[in-house]
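Student: I would like to learn how to read cavities, sheets and ligand contacts from a set of coordinates. Could we work through one case?

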Amino acid sequence: MRTQVAIIGAGPAGLLLGRLLDQAGIETIILERRSQDYVLGRIRAGVLEQGSVDLLDRAGVGTRMHAEGLVHDGVEFCFDGDRHRFDFCALIGRTVMVYGQTEVTRDLMQARDGSGAKTIYGAEDVSLHDFDGTSPTVRFVKDGVAHEIACDFIAGCDGYHGVSRASVSEGALRTYERVYPFGWLGILVDRPPVSDELIYAHHARGFALCSMRSPSRSRYYVQVAADEKVDAWSDDRFWDELRRRVDSETAERLVTGPSIEKSIAPLRSFVAEPLRFGRLFLAGDAAHIVPPTGAKGLNLALNDVGCLADALVEFYGEGSDTGIDHYSDRVLKRVWKAERFSWWMTSILHTFPETDTFGRRIQRAEFDYLVGSEAASRSLAENYTGLPA
Ligand code: RFL
Ligand code: PHB
């Protein structure tokens, strides 16, 4: 087999890259370890920045997002029961779009299926070779048969546990990491959301988030210890805990029901540098992880591949290396700002085992400053809705 760009991973990063390259007449093959149904069954992010919405529009996959997505003008923060709304529209004239990662993935898969571009699901033992030279190859096994793809470039869009980053020699990679001592227990429920906008809540018992997927489907999270087991959480226990962490008005309004999905996500900050190794590029979760508190993971992944697509289009169209030479530096600048914001949101909204009474008062002071200062509110709004590329 031969293609121009071999893409590892059919998550949002790999699928959007495939779509943008396809639009430019650049041939791709996507190799995905899992089945299509498995990929669509993962419940992950829910908030899109304006830049992500624009990128999905550019890729020609925005129709359903605009029809079904919910435009949010602001978010609410709740600190020990005191609730405050940050009006993004009034503060900086920007909004975000609530549209689940599952739906983004579905739209991208549909567009790819329609274009005839090749995606190989259930690709096992994927391995990357010779990306230091000009003729890289990717090997894999499908249904017990070994295959090889010759290509010009490899895009590693295979998430945090993928093979791409692991294929880089250790000395060539610098990594930065912080693992948080807690996770988020999330549930999905077919009941109307408790509020029109998201509520991020800090409470002495831990963080909670009220989010949504549609006017009839809600997504809620509570902070739990890192070693907590999902089985220990009946739906009733979850609802009781959530009610205790939000303000009393929200607790009373909450419409509960049986969960249709329940899982625990660990929280981690991670960056690998650089993001280019000869003819191999890393993008999305393969390159960096943020804790979900700032809703940045999916947005960073989409922005990465937007930049990578531009660089590859420049390479094929104009014969110029400039874009691919600058890819890593350009993307990492934005990544680190999102890392900072996600770390900061995590720090003020969660309870940490080591936080003493002084630390809690500092968290409260952060909240009071955010609420009382227009400059601080604007900074939150600017970061949450997405910094410019
Ligand atoms: P993905 O979505 O992980 O997709 C990578 C794809 O690569 C495949 N793969 C391989 N394919 C071939 N060969 C291999 N050896 C492979 N190894 C892996 C995988 O099966 C997968 O299909 O990465 P991508 O495209 O970079 O997209 C990034 C986003 O998915 C991610 O940033 C966000 O979902 C992060 N994230 C969340 N972000 C939020 O903003 N809000 C959230 O609530 C939120 N929840 C989450 C999350 C990430 C999670 N992960 C990764 C464990 C919850 C979880 C559980
Ligand atoms: C979600 O709806 O899953 C969601 C929303 C905002 C976040 C994280 C997750 O910050």
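Tutor: We will take the cavities, then two sheets, then one ligand. Keep in mind that this is a predicted model.

Student: How many cavities of 30 Å³ or more does the count give?

Tutor: Rolling a probe the size of a water molecule over the atoms shows where empty space is left. Here the count comes to four cavities of 30 Å³ or more.

Student: How much space lies in the largest cavity, and which residues line that cavity?

Tutor: The largest cavity holds about 70 Å³ of space. Its lining consists of Glu49, Lys296, Leu300, Arg334, Lys337, Ala338, Asn383, Gly386 and Leu387. Sorted by class, the lining has four charged, three nonpolar and two polar residues.

Student: Which helix gives the most to the lining of the largest cavity?

Tutor: Helix H10, residues 322-349, gives the most, with three residues.

Student: And what lines the second largest cavity?

Tutor: The lining residues there are Pro12, Val39, Arg42, Gln101, Thr102 and Thr105. The space in the second largest cavity is about 40 Å³. Helix H6, residues 101-115, supplies the largest share of this lining, three residues. By class, three of the lining residues are polar, two are nonpolar and one is charged.

Student: Now the sheets. In what order do the strands of the three-stranded sheet come?

Tutor: Strands of a sheet pair through backbone hydrogen bonds, either parallel or antiparallel. The three strands form an open sheet in the order E9-E10-E11, and the pairing is antiparallel. Strand E9 (124-129) and strand E11 (145-150) are the edge strands, each pairing on one side only. From one strand to the next, the twist averages 15°.

Student: How many bridges join E9 to E10, and which residues stand opposite each other?

Tutor: Four bridges join E9 to strand E10, residues 137-142. Among the partners, glutamate 124 stands opposite valine 141 in E10, and histidine 129 stands opposite threonine 137 in E10.

Student: What about E10 and E11: over how many bridges do they pair?

Tutor: E10 and E11 pair in the antiparallel sense over six bridges. Threonine 137, already met opposite histidine 129, stands opposite alanine 150 in E11. The hairpin of E10 and E11 has two residues between the strands, and aspartate 143 in this hairpin takes a positive phi near 50°.

Student: How is the six-stranded sheet ordered?

Tutor: Its order is E8-E2-E1-E12-E19-E18; the sheet is open and the pairing is mixed. The edge strands are strand E8 (118-121) and strand E18 (276-277), each of which pairs on one side only. E18 pairs with strand E19, residues 280-282, in the antiparallel sense over two bridges. Phenylalanine 277 has leucine 280 in E19 as its bridge partner.

Student: Last, the ligand. How many residues surround ligand 2, and which are the closest?

Tutor: Ligand 2 is surrounded by 14 residues, and the closest are Tyr200, Ser211, Arg213, Tyr221 and Pro292.

Student: Which atoms of tyrosine 200, arginine 213 and proline 292 lie 2.7 Å or 2.8 Å from an oxygen atom of ligand 2?

Tutor: For tyrosine 200, a polar side-chain atom lies 2.7 Å from an oxygen atom of ligand 2. Arginine 213 also places a polar side-chain atom 2.7 Å from an oxygen atom of ligand 2. In proline 292, a backbone N or O atom lies 2.8 Å from an oxygen atom of ligand 2.

Definitions and conventions. Residues numbered from 1 in each chain as written. Chains lettered and ligands numbered in written order. Predicted model: local features only at pLDDT ≥ 70, side-chain atom pairs only at ≥ 80, totals over all residues. Heavy atoms only, no water. 1 Å grid on protein atoms, 1.4 Å probe; cavity = no way out; pocket = protein on both sides within 12 Å on 5 of 7 lines; lining within 4 Å. Points joined across faces, edges and corners; volume = space filled by probe spheres on them. Nonpolar A, V, L, I, M, F, W, Y, C, P; charged D, E, K, R; others polar. Pairing = 2+ DSSP bridges. Axes fitted to C-alpha atoms, helices over the stretch in contact; angles between N-to-C directions. Near = heavy atom within 4 Å. Polar contact = N/O pair within 3.5 Å; in protein donor to acceptor, adjacent residues only side chain to side chain.
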